[in-house]
Amino acid sequence: MSVDKDETQQRLKAAVHYTVGRLCQRMGEDHRREFSRQVIAAIAETAFRQCDVFAKDLEAFARHAKRSTVSSEDVKLVARRSTALSIYIQNKSEELNQEQRDLKKKNAGKRKSRDTEESRE
């Protein structure tokens, strides 16, 4: 592993650890509990490793479909073993698709009104 890649991985790990720590702190405040540093480190390491597994799976799914880009369908496939995660990702995907459709309609309406104005001149 190159120095640059190793440094990037260490920075990502630190970011995950920091985020997990903040989430644990927030959850602890909400439920009047404390998380030890060891527990936070274990959760962060588990999350980091799971992200690595997800990334490798996503690459494999895209490669299997003879694509160089990961699609939303690949993400849904990665989440298939967790019902809650799968439902969450499906809902988010539908929200994003709806936003894209709404944006296209809005832009089409703008183009149509511009074309109408130009034809009047």
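Leu 85 is located in helix H4, which spans residues 83-120 of this predicted model. With a relative accessibility of 30%, Leu 85 is classed as partly exposed, because the value falls between the 20% limit for buried residues and the 50% limit for exposed ones. When neighbours within four places in sequence are set aside, the contacts of Leu 85 are with Phe 54 and Ala 79. Phe 54 falls within the range of helix H2, residues 37-64.

Helix H3 covers residues 72-78 and contains Lys 76. The side chain of Lys 76 forms a polar contact with that of Glu 73, at 3.1 Å. Beyond residues up to four places away in sequence, Lys 76 also touches Ile 89, Gln 90 and Ser 93. These three partners of Lys 76 have numbers that lie inside the range of helix H4, residues 83-120.

On the surface, Met 27, Phe 35, Val 39 and Ile 43 together make a nonpolar patch of about 320 Å². Of these residues, Ile 43 is placed in helix H2. Its relative accessible area is 35%, and Ile 43 is therefore partly exposed. The same value is compatible with membership of the patch, because patch residues must have over 30% relative accessible area.

Two cysteines were examined for their accessibility. Cys 24 has a relative accessible area of 7% and is therefore buried, the limit for that class being under 20%. Cys 51, at 48% relative accessibility, is partly exposed. A disulfide is a covalent bond between the sulfur atoms of two cysteines. Zero disulfides were found when the whole structure was searched.

At the level of the whole chain, the secondary structure consists of four helices and zero strands. Read from the N terminus, the order of elements is α-α-α-α. The chain has 121 residues, of which 13% count as buried. Cys 24, discussed above, is one of the buried residues. The exposed area of the chain comes to about 10600 Å², and carbon and sulfur atoms contribute 53% of that area. Among contacts in the chain with a separation of 6 or more, 27% are accounted for by residues 24 or more positions apart.

Conventions
Residues are numbered from 1 along each chain as its sequence is written. This is a predicted model: local features need pLDDT of at least 70, side-chain atom pairs count only at pLDDT 80 or more; totals for chains, interfaces and linings use all residues. Side-chain values use heavy atoms; hydrogens and water are left out. Patches are made of residues with over 30% relative accessible area and no salt bridge: like charges are joined within 9 Å, nonpolar side chains (Val, Leu, Ile, Met, Phe, Trp, Tyr) within 5 Å. Accessible areas come from the Shrake-Rupley method with a 1.4 Å probe; for residues, only the protein chains shown count as cover. A salt bridge is a side-chain nitrogen of Lys or Arg within 4 Å of a carboxyl oxygen of Asp or Glu. Helices (H or I, at least four residues) and strands (E, at least two) are DSSP runs, numbered from the N terminus. Buried means under 20% relative accessible area, exposed over 50%, partly exposed in between (1.4 Å probe, protein chains only). A polar contact is a pair of N or O atoms within 3.5 Å; within protein, one must be able to donate a hydrogen and the other to accept it, and residues adjacent in sequence count only if both atoms are side-chain atoms. Contact means heavy atoms within 4.5 Å. A disulfide is a pair of cysteine sulfur atoms within 2.5 Å.
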